[in-house]
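The points below are offered to a colleague who is opening this entry without prior acquaintance, and they are best read with the structure in view.

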Amino acid sequence: MTLHIGAKTDDIADVVLMPGDPYRAKWVAETFLTDARCINNVRGMLGFTGTWQGHRVTVQGSGMGMPSMSIYANELIRDFDVQTLIRIGSCGAMQNTIALRDIIIAMTATTYASPSSSIFRDLNFSPCADFSLLSAAAQAAASLQVGVHVGGIYSSDTFYDERPDLNEAMMRHGILGVEMEAAELYTLAARYGRRALAVMTVSDHLLTKEALPADQRERSFADMVHLALRAAFEG
Ligand SMILES: O=P(O)(O)O[C@H]1O[C@H](CO)[C@@H](O)[C@H]1O
Ligand SMILES: O=c1cc[nH]c(=O)[nH]1
């Protein structure tokens, strides 16, 4: 058990899927896993372990933003020895070629600041996905009916941004979408030699202003979950 995860060491699988929303974790466990049981409810940040096609999998909420993700990913890696961490999130699209409900697979995650920024001092570290997971996810995407985009994303630490120029700079540099956790997840995976990937479903569009309601963000991103599970065990 750790400060934020009330599970025994053996309760957590080597592969962990991490939605920001703890209720998305519950939906994923109930919908995709066999024999899922709740292994964490400290602070309501739900976690479940079960099996998918015979493989043990944990789904653990990360909360919103890099400080929260950093707490859960640090404890999963350092205390529970998790090897593969895949974020299953929502994001805002930043390009006209991307539609609502499309899936974005994050090759890199640019950030202005993360909990790890202070380590790098004068350097701009480039947080990137594990190649075998990225490649397996891209291959699995071929069987989906939705649009799938592979490229750079922007991990912001503010949802209600007072600096529209930052989003504008990201869009001009081909960044596909904005979310709030992947850069820190990728940095921690690099530091501890683990595998990480972030897969996001487009829940809203910064250019068209379309947006999905909260219940759909919680319970309707099945394609993304399939993609993440296949990447975890085929990559
Ligand atoms: O839907 P999740 O996975 O929480 O991801 C996105 O949604 C939250 C903001 O609404 C942030 O956590 C952002 O990264
Ligand atoms: O962080 C996020 C998530 C979804 N949509 C956004 O605009 N930002």
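1. In this predicted model, the shell around ligand 2 is made up of Ser90, Cys91, Gly92, Phe159, Val178, Glu179, Met180, Ser203 and Asp204. Strands β5, β8 and β9 each contribute at least two residues to that shell, and the largest share, three residues, comes from β5.

2. One member of this shell, Asp204, deserves a separate remark, since an unreviewed UniProt entry places the feature "active site" at this residue. Asp204 belongs to strand β9, and it counts as partly exposed because 17 C-beta neighbours lie inside 10 Å. If residues up to four places away in sequence are left out, Asp204 touches Gly92, Glu210, Ala211 and Leu212; of these, Gly92 is also listed among the residues around ligand 2.

3. How much of strand β9 is buried? Ten of the eleven residues of β9 are buried, so the strand is largely enclosed by the rest of the structure. On one pairing, β5 (residues 84-93) runs parallel to β9 over ten bridges, with Ile88 standing opposite Val199 in β9. On another, β6 and β9 pair in the antiparallel sense over three bridges, and here the bridge partner of Ile105 in β9 is Val199. Val199 therefore appears in both pairings, opposite Ile88 and as a bridge partner of Ile105, within a strand that is largely enclosed because ten of its eleven residues are buried.

4. The pairing can be followed further from β6 (residues 103-111), which joins strand β7 (residues 148-155) in the parallel sense over eight bridges; the partner of Ile105 in β7 is Val150. Ile105 thus has a bridge partner in β7, namely Val150, as well as one in β9, namely Val199. Strand β7 in turn pairs with β8 (residues 177-179), again in the parallel sense, over three bridges, and Tyr154 has Val178 as its bridge partner in β8. Between β7 and β8 the chain passes through helix α5 (residues 164-172), and this β-α-β crossover is right-handed. Val178 is also one of the residues around ligand 2, which links this pairing to the first point.

5. Helix α4 (residues 131-140) has Leu133, Leu134, Ala137 and Ala140 as its buried residues. They cover an arc of only 130° around the axis, and therefore lie on the same side of α4. The elements that cover these buried residues include β5, β6, β9 (195-205) and α8 (222-234), so that strands already discussed under the earlier points reappear here as part of the cover.

6. In helix α1 (residues 22-32), the buried residues are Pro22, Arg24, Ala25, Lys26, Val28, Ala29 and Phe32. Their cover includes the strands β1 (15-18), β2 (34-40), β3 (47-52) and β4 (55-60), together with helices α7 and α8. Thr31, which also lies in α1, counts as exposed because it has 11 C-beta neighbours inside 10 Å. Thr31 and Val225 are 194 residues apart in sequence, while their C-alpha atoms are 10.0 Å apart in space.

7. Two residues call for a look at their backbone angles. Most residues other than glycine have a negative phi. Asp35, however, has a positive phi of about 55° although it is not a glycine; it lies in strand β2 and is exposed, with 9 other C-beta atoms within 10 Å. Lys209 likewise has a positive phi, of about 70°, without being a glycine; it sits in the loop between β9 and α7 and is exposed, with 7 other C-beta atoms within 10 Å.

8. The loop between β9 and α7 (214-219) also holds Thr208, which counts as exposed because 12 C-beta neighbours lie inside 10 Å. Thr208 and His173 are 35 residues apart in sequence and 19 Å apart in space, taken from C-alpha to C-alpha.

9. As to annotation, UniProt lists residues 15-215 under "domain: Nucleoside phosphorylase" in an unreviewed entry. In the model, this span is 30% helix and 32% strand, and its end C-alpha atoms lie 26 Å apart.

Definitions and conventions: Residues are numbered from 1 along each chain as its sequence is written. Chains are lettered from A and ligands numbered from 1 in the order in which they are written. This is a predicted model: local features need pLDDT of at least 70, side-chain atom pairs count only at pLDDT 80 or more; totals for chains, interfaces and linings use all residues. Two strands pair if DSSP finds at least two bridges between them. Helices (H or I, at least four residues) and strands (E, at least two) are DSSP runs, numbered from the N terminus. A crossover is right-handed if, with the strands pointing away from the viewer, the path from the first strand over the helix to the second runs clockwise. A residue is buried if 20 or more other C-beta atoms lie within 10 Å of its own, exposed if 12 or fewer, and partly exposed in between; C-beta atoms are placed from the backbone. The arc is that of the directions from the helix axis to the C-beta atoms. Two residues are in contact if their C-beta atoms, placed from the backbone, lie within 7 Å. UniProt positions are given in the numbering used here, feature names are shortened, and annotations may be inferred rather than shown by experiment. A residue is near a molecule or strand if its C-beta atom, placed from the backbone, lies within 6 Å of it.
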